[in-house]
Amino acid sequence: MSVAIVGVGQTPFSRNCGISIRELCFEAFKDALEDINLTPKEIDASIICSAPEYDKQRSPAGLISEYLGLAPKPTFYAESICSSSSTGVKVGYSFIKSGLHDTVAVIGFQKMSEISSAEVQERMGRGADVQWESPFGTMMPAGYAMYAHAHMQKYGTTEEQLAKVKVKSGKYSLLNPLAMYRRAITLEECLEARVIASPLKLFDCCANADGASCVIMTSEEKAKKITDTPVWVAGIGAASDTLSTTSRTNLTGLTCAVEAAKQAYKMAHMEPKDMDVAEVHDCFTIAEIMAYENLGFCKPGEGGKLIEESQTYIGGKIPVNVDGGLLSKGHPIGATGGSQIRTIVLQLQGRAGKTQVDGAEVGLVHNIGGIGVYGNVTILRR
Amino acid sequence: MIFVSFGKFGKMSYISETKVADFVKHLEEGKVMATRCSKCGKLYFPPRADCPDDLSMDMTWEELSGRCKLLTYTTAHFAPTGFEDDLPYTIALAQCEEGVNVYALLSKDIKENETHIGMDLRLTPLRLPNGKITYELKKA
């Protein structure tokens, strides 16, 4: 029995959305359900995904489930920081495959503006090993910046190549009405921007955002009744790496992504060359370059060359992040994985509008939690 | 065992209780210590009280020579709460000659243009102005 994704929904990603988390989730849920003429009554279980340190609400699953009219159906909470909703999709897959539940709603959200900037800044420092690394004043950009320096040293990757990832992102952001930043950025603007954590500058980094996403998954039998264009989960992989940077052995790639990709390709009986379109976790420009390599779209060390040759644009070898990616959409932590899945589902259904990759039959989603701590790769097919 | 609070470690400490709190006492004596599992012989830095390879809790302290090489780094121009006044500062990962890695700040006397991956460094205890203690990576 195959497991299908039949519906996807998303709110606009924005700064200071001005509404509550329950209302954000409702908008994404409504978007997904109305598209396929489903009602909340037909949802057998929900998986709510976010990073709880940004919520005022303790245990948000109960609240969201209530507001969406899903009680007394069971609701569960999934968390793996920035990849929470990919983790939710994996849990949903297991529920359906095991026969426990037929139709599952995976709802990811984050309202990062719910807490003050000072509170965000305080939490940022605690993303590292609080005993041995946070006391040195580290934070997310610093973690990826250390990978960037190591990658540049080992492979000769340049700041211009990093910037070209953002230039691509800016180009496609103009075509995504739900993106937070919708503007083209020049190479010069990227290179002249202020340094956040060397070598990463302002435009090498994604921004915090508010938003929600929803993925409706169901069994093969029900999928065929709901829609003529189900998208099938062909492969799904998940892996972890050490939370601390100190214990990492590979400083030029994310081992958790390599491992998750290996599992997903094996399950799908596919190879990197079979992918027609991909969404990768570009929280920083270096992260996208490492993703090209870790997913096998090019050899280790050749990620910089791949973007330089424009091979990840539409028309290239493998179009990547043609919705603008995290760098332009913004990164509402718990909603990001679901948003990536939505982009690929629309591509495979031929509904991606101006960013449609012609004849896309297979797509991949790479969603990473933390600084390469939680690796999630999902392969979808038409 | 004499109880020492781990809260003295680092500019900002997020935890005070740990089985390896004696690390601070050794640091105050000028020594950066690792732990070694008595059962399998594996060396751990940062020090651990427990070895997951054989589930042993029998560890001994062992001083590191301090000789290490820079693996990677970043100069931060943006900081989490409590570190704003120190900006910019350089966070580094170095490999000790014993094979373990250490995550620490580069000494302020190393200029950004002379920082390069592979450079020799020395891991050294550092007393902070606020009375707390940490370690840093100095020029070898």
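**Exercise 1. Place A:Lys90 in the predicted model and list its contacts outside the local sequence.**

Solution.
Step 1. Set aside the neighbours within four places in sequence; A:Lys90 is then in contact with A:Ile236, A:Ala238 and A:Asn376.
Step 2. Find the element: A:Lys90 belongs to helix α3 of chain A.
Step 3. Check the span of one contact. A:Lys90 and A:Asn376 are 286 residues apart along the chain. Their C-alpha atoms are separated by 8.9 Å.

**Exercise 2. Decide whether A:Lys90 is buried or exposed.**

Solution.
Step 1. Count C-beta neighbours inside 10 Å: A:Lys90 has 22.
Step 2. Apply the cut-off: a residue is buried if 20 or more other C-beta atoms lie within 10 Å of its own.
Step 3. A:Lys90 therefore counts as buried.
Step 4. Set this against the chain: buried residues make up 60% of the 382 residues in chain A.

**Exercise 3. Describe how domain 1 of chain A meets domain 2 of chain A.**

Solution.
Step 1. Take the bounds from the domain assignment. Domain 1 of chain A covers 3-117 + 209-231, and domain 2 covers 136-206 + 232-381.
Step 2. Locate the centres: over C-alpha atoms, 23 Å separate domain 1 of chain A from domain 2 of chain A.
Step 3. Count the residues in contact: 38 from domain 1 of chain A and 34 from domain 2 of chain A.
Step 4. Name the elements on the domain 1 side. β1 (3-10), α3 (84-98), β4 (103-111) and β7 (210-219) of chain A each give two or more residues.
Step 5. Find the largest share: α3(A) supplies it, with seven residues.
Step 6. Sort the domain 1 side by character: 21 nonpolar, 14 polar and three charged residues.

**Exercise 4. Trace the nine-stranded sheet of chain A and the helix α13 that lies across β1 and other strands.**

Solution.
Step 1. Write the strand order: β3-β2-β4-β7-β1-β8-β11-β10-β9 (chain A). The sheet is open, and its pairing is mixed.
Step 2. Mark the edges. β3 (75-78) and β9 (277-279) of chain A each pair on one side only.
Step 3. Add the twist: neighbouring strands are turned by 25 degrees against each other on average, direction ignored.
Step 4. Zoom in on one pair. β4(A) and β7(A) run antiparallel and are joined by nine bridges. A:Val106 stands opposite A:Val215 in β7(A).
Step 5. Lay on the helix. α13 (residues 336-348) of chain A lies across β1, β4, β7, β8 (231-240), β9, β10 (362-369) and β11 (374-381) of chain A. The helix α13 runs at about 175 degrees to β10(A).

**Exercise 5. Characterise the side of chain A that touches chain B.**

Solution.
Step 1. Count: 30 residues of chain A are in contact with 32 residues of chain B.
Step 2. List the elements of chain A that give two or more residues: α4 (117-124), α5 (140-155) and β5 (195-197).
Step 3. Rank them: α5(A) gives the largest share, seven residues.
Step 4. Sort by character: this side of chain A has 16 nonpolar, 11 polar and three charged residues.

**Exercise 6. Test the overall dimensions of chain A against a compact globule.**

Solution.
Step 1. Set the expectation: with 382 residues, a compact globule would have a radius of gyration near 21 Å.
Step 2. Compare: chain A has 19 Å, which agrees.
Step 3. Add the box: along the principal axes, the C-alpha atoms of chain A fill roughly 55 × 45 × 35 Å.
Step 4. Count the elements: chain A has 13 helices and 11 strands.
Step 5. Check contact range. Among contacts in chain A between residues at least 6 apart in sequence, 77% join residues at least 24 apart.

Definitions and conventions:
Residues are numbered from 1 along each chain as its sequence is written. Chains are lettered from A and ligands numbered from 1 in the order in which they are written. This is a predicted model: local features need pLDDT of at least 70, side-chain atom pairs count only at pLDDT 80 or more; totals for chains, interfaces and linings use all residues. Domain bounds come from an automatic or database domain assignment. Two residues are in contact if their C-beta atoms, placed from the backbone, lie within 7 Å. Helices (H or I, at least four residues) and strands (E, at least two) are DSSP runs, numbered from the N terminus. Ala, Val, Leu, Ile, Met, Phe, Trp, Tyr, Cys and Pro count as nonpolar, Asp, Glu, Lys and Arg as charged, and the others, Gly among them, as polar. Two strands pair if DSSP finds at least two bridges between them. Axes are lines fitted to C-alpha atoms, for helices over the stretch in contact, and angles run from 0 to 180 degrees between N-to-C directions. A residue is buried if 20 or more other C-beta atoms lie within 10 Å of its own, exposed if 12 or fewer, and partly exposed in between; C-beta atoms are placed from the backbone. The radius of gyration is taken over C-alpha atoms; the globule rule is 2.2 Å times the number of residues to the power 0.38.
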